Amino acid sequence: MDEEEIRTVEMDLLVEGMRRVHGHDFSEYAVASLRRRLAQWLGTSGYPTFGAAIPNVLRDPELCNSLVEGVTVNVSEMFRDPHFFKALREKVVPHLQTYPHARVWVAGCATGEEVYSLAILLREEGLGDKCRIYATDLNQDVLARAQQGIFQLQYMRQYTRNYQKAGGTGEFSDYYAARYDRAIMDPTLMRNVVFAAHNLVTDSDFSEMQLILCRNVLIYFKPSLKDRVLNLFDRCLTPGGYLCLGTKEVLEGRIIGEHYREALPHTRIYRKKYGDPQRI
Ligand SMILES: C[S@@+](CC[C@H](N)C(=O)[O-])C[C@H]1O[C@@H](n2cnc3c(N)ncnc32)[C@H](O)[C@@H]1O
């Protein structure tokens, strides 16, 4: 075996150790991007090889957290893909308005930009107090940042443009207070948001959701894991409910795809069909 092959074996051992010791299962993440991110993490870890890092990763929860942070991609932005939020406002909000109380799950919420965007949109549509949002991620550190609701002020100009393109009906600057180089989001936006750690690979279902957003998460999974997670969403979603994926993620060709139709072309907003009672 050459050095490259030994390095691959060590990466596999590290992934296996993370699963068995810490319960973080990355074995069904897309191989190329997982290996690339593991290599980047090693470069910043101070360890010469994966073999040298393994004993400490297995014993040190903080090092384990740093590895989770390194493996997962947490990039997000407010009103990311504004046309998606515009379609959400036009197509999905009327459905939510038919419920006295609706339940929404944002899976893989990262540092919370998507949750704040959704909370703003729902408030503007009169649903602020009628929807409960469950915002989850496997990474506790990003969840803590999401709960704080403090973002870099320099991004607010871009977010304001996104908000306007997404059909925002107010002034984006009304939703945050500027303090030095930070934007502190209006905490009342989070009144009906529950943040919780949840791992899509290992944790159980939420019940009776009318809307699920899981954007830019499945792209990092192998097809087998994509299908398992989509099945999980399918079990959680009420008939007529909506499942929203990222721009590079599609339901067509996936295991649950035939039970959904895209609400508007190219939006990745899929509606679960009614009927077929034995599925529900
Ligand atoms: C690129 S971010 C997406 C953020 C947001 N949804 C968006 O589209 O802007 C991907 C998020 O998925 C989370 N993630 C990755 N694997 C996960 C898993 N197995 N369970 C739950 N969250 C996961 C990561 O921690 C990360 O915060």
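Helices here are DSSP runs of type H or I with at least four residues, numbered from the N terminus. With that in hand, welcome to a quick tour of this predicted model. The protein chain is assigned a domain 1 (3–71) and a domain 2 (82–279), and the stops below take in a glycine, a helix, the meeting of the domains and the ligand.

**G17 and its surroundings**
- G17 sits in helix α1, which covers residues 3–22.
- Is G17 buried, exposed or partly exposed? With 17 other C-beta atoms within 10 Å, G17 is partly exposed, because a residue counts as buried from 20 such atoms upward and as exposed at 12 or fewer.
- Leaving aside residues up to four places away in sequence, G17 touches I54, V57 and L58.
- One of these partners, I54, lies 37 residues from G17 along the chain, yet the C-alpha atoms of the two are separated by 7.7 Å.

**Helix α2, one face in and one face out**
- Helix α2 runs over residues 31–45, and its 15 residues should span 21 Å at 1.5 Å a residue; the end C-alpha atoms are indeed 21 Å apart, so expectation and model agree.
- Which residues of α2 are buried? They are L38, W41 and L42.
- Viewed down the axis of α2, these buried residues fall within an arc of 100°, so they line one face of the helix.
- The buried residues of α2 pack against α1, α3 (50–59) and α4.
- On the face turned away from the buried side, α2 carries the exposed residues A32, R36, Q40, G43 and T44.
- Just after α2 comes G46, with a positive phi near 90°.

**Where the two domains meet**
- Taken over C-alpha atoms, the centres of domain 1 and domain 2 are 30 Å apart.
- Contact between the domains involves nine residues of domain 1 and nine residues of domain 2.
- On the domain 1 side, helix α4 (residues 61–71) supplies the largest share of the touching residues, namely three.
- By class, the side of domain 1 that touches domain 2 is made up of three nonpolar, three polar and three charged residues.
- Helix α4 thus appears twice in this briefing: the buried residues of α2 pack against α4, and α4 contributes three residues to the side of domain 1 that touches domain 2.

**Around the ligand**
- How many residues are around the ligand, and which come nearest? There are 21, and T72, S76, G108, A110 and L200 come nearest.
- The shell around the ligand holds nine nonpolar, eight polar and four charged residues.

Conventions: Residues numbered from 1 in each chain as written. Predicted model: local features only at pLDDT ≥ 70, side-chain atom pairs only at ≥ 80, totals over all residues. Contact = placed C-beta atoms within 7 Å. Near = placed C-beta within 6 Å. Nonpolar A, V, L, I, M, F, W, Y, C, P; charged D, E, K, R; others polar. Domains from an automatic or database assignment. Expected span 1.5 Å × (residues − 1). Arc of directions from axis to C-beta.
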